[in-house]
Amino acid sequence: MASLHWRDWATDPEQLRRLDLLGKVPLFAGLSRRQLGKLLVKLFEKEYAPGETIFLEGEPGKALFIVLDGMVSIVHSGHGAEERVTSSARGAYFGELALIDDLPRSASARADEHSALLILYKSHFDDLIEGHSTIAIRVMGNLLKALAGYVRAAHARSAALPAALPGTGAVLEQSEKPSERPQR
């Protein structure tokens, strides 16, 4: 009886849509369809209304978010004003540093429109990789590549800043290109 339930789930068009989306997320590049299926069962889906806060700057990071539908803005509050760092649409992810640690978020995330997000909590990710070393190696390798890209982009931006401005190397998060922006 359980196999029929599994078959129903595995052939459900909505689950197949989620599976196809996961296959296009760079963080999960190199995972087989079966491995993506194991990951998919660990994801929680949540809908957000326009303007609703997903997480706040300074809160501990507890999960990775993948945009299933809608649009999300990553915003940074500084000097009394809010600045949009980037926007994320279908297939984009943010908050991936929470898979490594639970340090405070460096920005806030807010739904710009009605949005559905797939959420991977660190505890669920840890459970998944504990028994699946191949998944762990692939995802962590992809995460390292992403982090290396962020460091290179930050270094390139800081090198372009005038050397006479002390502390300007710390202002590295304001990239407009999604491929270069820090993920949260």
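Leu40 sits in helix α3, and in this predicted model it is a good place to start. With a relative accessible area of 5%, Leu40 falls under the 20% cut-off, so it counts as buried. Its C-alpha atom is separated by 8.4 Å from that of Gln15, although the two residues are 25 apart along the chain.

Gln15 takes us to helix α2, which runs over residues 13-24. This helix has 12 residues and spans 17 Å from its first C-alpha to its last, close to the 16 Å expected at 1.5 Å a residue. Which residues of α2 are buried? They are Gln15, Arg18, Leu19, Leu21 and Leu22. These residues lie on the same side of α2, because they cover an arc of only 160° around the axis. Look at the other side of α2 and you'll find Pro13 and Lys24 exposed.

Leu22 also leads into the interior. The largest nonpolar core has 28 residues, and those touching the most other members are Leu22, Leu27, Phe28, Leu64, Ile66 and Tyr93. Several elements chip in: α2, α3 (33-40), β3 (63-69), β8 (115-121), α4 (122-130) and α5 (133-160) each supply at least two residues. Which of them gives the most? That's α5, with 6 residues. As a general matter, nonpolar side chains in soluble globular proteins tend to be buried together.

Take Leu27 as an example. Leaving aside residues up to four places away in sequence, Leu27 touches Leu64, Tyr93, Glu96, Leu99, Val139, Asn142 and Leu143. Apart from this core lies another, of 15 residues, including Tyr48, Val72, Phe94 and Ala107.

Now for the sheets. One is an open sheet of 4 strands in the order β1-β8-β3-β6, and its pairing is antiparallel. At its edges stand β1 (44-48) and β6 (93-94); each has a single partner strand, so one side of each is left without a neighbour in the sheet. Helix α4 packs on this sheet, where it touches β3 and β8, and its direction makes about 55° with that of β8.

Strand β3 deserves a closer look. Of its 7 residues, 6 are buried, so "mostly covered" is a fair description. On one side, β3 pairs with β8 in the antiparallel sense over 6 bridges. Within that pairing, Asp69 has Ala116 of β8 as its bridge partner, while Leu64, which we met in the core, stands opposite Leu120 in β8. The pairing of β3 with β6 is also antiparallel, and 2 bridges join these strands. Here Phe65 stands opposite Phe94 in β6, and Phe94 is one of the residues of the 15-residue core.

The other sheet is open too, with 4 strands in the order β2-β7-β4-β5 and antiparallel pairing. Which strands are at its edges? Those are β2 (53-55) and β5 (81-89), each pairing on one side only. From one strand to the next, the twist averages 30°. At the β2 end of the order, β2 pairs with β7 (residues 108-111) over 2 bridges, again in the antiparallel sense. If you want a specific contact point to find on screen, try Phe55, whose bridge partner in β7 is Ala109.

How values were computed: Residues are numbered from 1 along each chain as its sequence is written. This is a predicted model: local features need pLDDT of at least 70, side-chain atom pairs count only at pLDDT 80 or more; totals for chains, interfaces and linings use all residues. Side-chain values use heavy atoms; hydrogens and water are left out. Two strands pair if DSSP finds at least two bridges between them. Axes are lines fitted to C-alpha atoms, for helices over the stretch in contact, and angles run from 0 to 180 degrees between N-to-C directions. The expected span of a helix is 1.5 Å times one less than its number of residues. Buried means under 20% relative accessible area, exposed over 50%, partly exposed in between (1.4 Å probe, protein chains only). The arc is that of the directions from the helix axis to the C-beta atoms. A nonpolar core is a set of buried Ala, Val, Leu, Ile, Met, Phe, Trp, Tyr and Cys residues joined through side-chain atoms within 4.5 Å. Contact means heavy atoms within 4.5 Å.
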